[in-house]
Amino acid sequence: MEIKELEKIASQVRRDIVRMVHACQSGHPGGSLGCTELLVALYFDQMHLKEQDGEVVFDMNGEGEDLFFLSNGHISPVWYSVLARKGYFPVKELATFRDIDSRLQGHPTTHEGLPGIRIASGSLGQGNSVAMGAALAKRLNKDDHMVYVLMGDGEQQEGQVWEAATFAPHHQIGHLIAFIDLNGQQIDGPTVEVMNNRDLGKKYEAFGWEVMTITQGNDMAEVVKGITEARSKAGHGKPVMVLLETGMGYGVDFMMGSHKWHGVAPNDEQLKVALDQLEETMGDY
Amino acid sequence: MKKYTYTEKKDTRSGFGAGMTELGQENDNVVALCADLVGSLKLAPFIKENPDRFFQCGISEANMIGLSAGLTIGGKIPFATTFANFATGRVYDQIRQSVAYSNKNVKICASHAGITLGEDGATHQILEDIGMMRMLPGMTVINPCDYNQTKAATKAIADFEGPVYLRFGRPVVPIFTDPDQKFEIGKAWMVNEGKDVSIFATGHLVWEAIQAGEMLEKEGIDAEIINIHTIKPLDEEAILKSVRKTGCAVSAEEHNRLGGLGDSIAQVLVKNQLVPQEYVAVDDSFGESGTPEKLMEKYGLTAKDIVAAAKRAIERKS
């Protein structure tokens, strides 16, 4: 897909995100806005997804298609918007986010049967392990498709993340591309102050991963180029780690670059300011 | 009292290993994972015959649970194996989110459960695992009694869709159940019909209950003994049918008295049929080092303790 087209989708996804968290006055806009280019690029350009008569179709096993797992489940708004805009469920359902009886739970889950989601996440540090398991199942099934997983940088403080980091190279999981959203922020403040992860690239290299960086994680062309490069590095017996440098809250000026918008919803006035900065390209839900 | 004899003693974990060997030959979707305890879990034959379907995880149980959840996406039936302490308490949140809440077809298979792990002491003797696992919505909890039953249960859970916690142990215990038994998940097994007291036992305590039944018989007490190998879902019908006949109950388990089989039964009785119930269980404490026999004795988990509990229960009737 043309970069311009992807950018238009990203603009609508950002509108969805701020409207969703505004409507329920809760949720996590910061990381969602920062990872918008990645999820749009994956779902609308890079991932091979199962389709029938031009529509995406979902089944839990996901054989014969690429898979995506979201480990930092709190950025559910961006994932829900991208899944809905891609056609996994009706766009109007975004209005039910975090409401009672909704399939769009605060954090993603399989429990309510929302198409597109294969595992619950929210309690941090578990997604890479799950993605590796899915990649092993693909290996056993002789299915060459890719497994993608996104983690947060704050999440790298969880111990299980490093258990997973050790496992994947040892078992030569090649069809795995992991991303870390390197926005440098977490709930209590800048990551370097809360708990310094130091050089994540060197760490993953030392653990045996193929490591690369996308320095412009909110530039659609750079993200598409970066994922394409990651795919070329994958499939050779080594897991690939992509450090994705993004801005928390990217696209809404007053949210950008601050941990304060990690998990805070905009008020009516702030919503208006935000929406004025984001073009409505696909029609609001 | 129906006679139960045995010619051989074996550990229940070997029953698990034997079940896995057969599953490896019969079901291509079965995969095994282990966290550096392959010998203890008796997995060597499975690994030898199916090297591609075994994943050594090293000492990283949290990752093992996540991997298992992921393997189900793609249709695999993962058996995640380690000691019961590390298979439950250490990874409760991973099981809760990635397995139970996500409703993944993962079989958590836990050896060295309870106090009979013995000399390693309390750090390894988990007595809270049944409680933790049965509190998880959608989790099936199974605690078979001997080698044959553990083997049968291992095979049965592969054909069952949904998360399962299978609990077994380290010490050798008499093999007294049928080698060709059909294991029915959630269906209590009538060991001996009686009319004076219902003894509901699980795991290693089933053999103790049989011995207790023989001792009670000598004193003129006719004990009904029921093997509750599946603690969740609990066979409430069998429990109620029995206590409506006998009028009192004893629960016997190698577990903390909080949260295990006894509490599961008490809930059924309180709601449906109020009869006296006595617990044979560890009295809200940690274990310690010692031989399995000495530990069973000290922590009140022997046939003698079941006899005393049965008498107390009978006395409380009327």
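Student: How many residue pairs are in polar contact between chain B and chain A?
Tutor: The count is 20, with both residues at pLDDT 80 or more. Keep in mind that this is a predicted model.

Student: Which elements of chain B give two or more residues to the side that touches chain A?
Tutor: They are S3, helix H3 (61-72) and helix H5 (92-101) of chain B. H3(B) supplies the largest share of that side, nine residues.

Student: What makes a pair of atoms a polar contact?
Tutor: Two N or O atoms must lie within 3.5 Å, and within protein one must be able to donate a hydrogen and the other to accept it. The 20 pairs between chain B and chain A pass that test.

Student: How many salt bridges does the rule find across the interface of chain B and chain A?
Tutor: Zero. The rule asks for a side-chain nitrogen of Lys or Arg within 4 Å of a carboxyl oxygen of Asp or Glu. Across this interface the rule finds zero such pairs.

Student: What is the size of the contact between chain B and chain A, counted in residues?
Tutor: Chain B brings 27 residues and chain A brings 31 residues.

Student: How is the size of an interface often given?
Tutor: As the accessible area lost when the parts come together. Here chain B and chain A bury about 2,300 Å² between them. Of that area, 56% is on carbon and sulfur atoms. In chain B, Ile73(B), Gln97(B) and Tyr101(B) lose the most area to chain A. Together they make up 28% of what that side buries.

Student: What makes the pair Glu280(A) and Arg15(A) a salt bridge?
Tutor: Set the distance against the cut-off. The N to O distance is 3.7 Å, and the cut-off is within 4 Å. The pair therefore qualifies as a salt bridge. Glu280(A) lies in the segment after helix H10 (268-276) of chain A, and Arg15(A) is in helix H1 (residues 3-24) of chain A, so the pair ties together parts 265 residues apart in sequence. Over all chains, the search finds 30 salt bridges.

Student: Why are S6(B) and S12(B) called paired strands?
Tutor: Pairing needs at least two bridges. Strand S6 (residues 140-142) of chain B and S12(B) have two bridges, in the antiparallel sense. They therefore meet the condition. Within this pair, Ile142(B) stands opposite Thr230(B) of S12(B).

Student: In what order do the seven strands of the open sheet in chain B stand?
Tutor: The order is S3-S2-S4-S5-S7-S6-S12 (chain B), with mixed pairing. What marks the edge strands, S3 (54-56) and S12 (230-232) of chain B, is that each pairs on one side only. From one strand to the next, the twist averages 20°.

Student: Which strands stand at the edges of the five-strand sheet of chain B, and why?
Tutor: That open sheet runs S9-S11-S10-S13-S14 (chain B), and its pairing is mixed. Strand S9 (189-192) and strand S14 (277-282) of chain B each have a single partner strand, so one side of each has no neighbour in the sheet. Neighbouring strands are turned by 25° against each other on average, direction ignored.

Student: How do you know that S9(B) and S11(B) pair?
Tutor: Count the bridges. Three bridges join S9(B) to strand S11 (residues 223-227) of chain B, and the two run antiparallel. The condition is at least two bridges, so these strands pair. Met190(B) has Ile226(B) in S11(B) as its bridge partner.

Student: Which helices of chain B lie across S10, S13 and S14?
Tutor: Among them are two. Helix H10 (residues 261-272) of chain B runs at about 160° to S14(B). Helix H12 (residues 303-315) of chain B runs at about 155° to S14(B).

Student: What makes Asp53(A) and the bond from Lys232(B) to Pro233(B) worth a look?
Tutor: Most residues other than glycine have a negative phi, and most peptide bonds are trans. Asp53(A) is not a glycine, yet its phi is positive, about 50°. Asp53(A) sits in the loop between strand S1 (51-52) and strand S2 (55-56) of chain A. The peptide bond from Lys232(B) to Pro233(B) is cis, with omega near 0°. Pro233(B) is in the loop between S12 and helix H9 (236-246) of chain B.

How values were computed
Residues are numbered from 1 along each chain as its sequence is written. Chains are lettered from A and ligands numbered from 1 in the order in which they are written. This is a predicted model: local features need pLDDT of at least 70, side-chain atom pairs count only at pLDDT 80 or more; totals for chains, interfaces and linings use all residues. Side-chain values use heavy atoms; hydrogens and water are left out. Helices (H or I, at least four residues) and strands (E, at least two) are DSSP runs, numbered from the N terminus. Axes are lines fitted to C-alpha atoms, for helices over the stretch in contact, and angles run from 0 to 180 degrees between N-to-C directions. Contact means heavy atoms within 4.5 Å. Buried area is the accessible area (1.4 Å probe) that two parts lose on being put together, summed over both. A polar contact is a pair of N or O atoms within 3.5 Å; within protein, one must be able to donate a hydrogen and the other to accept it, and residues adjacent in sequence count only if both atoms are side-chain atoms.
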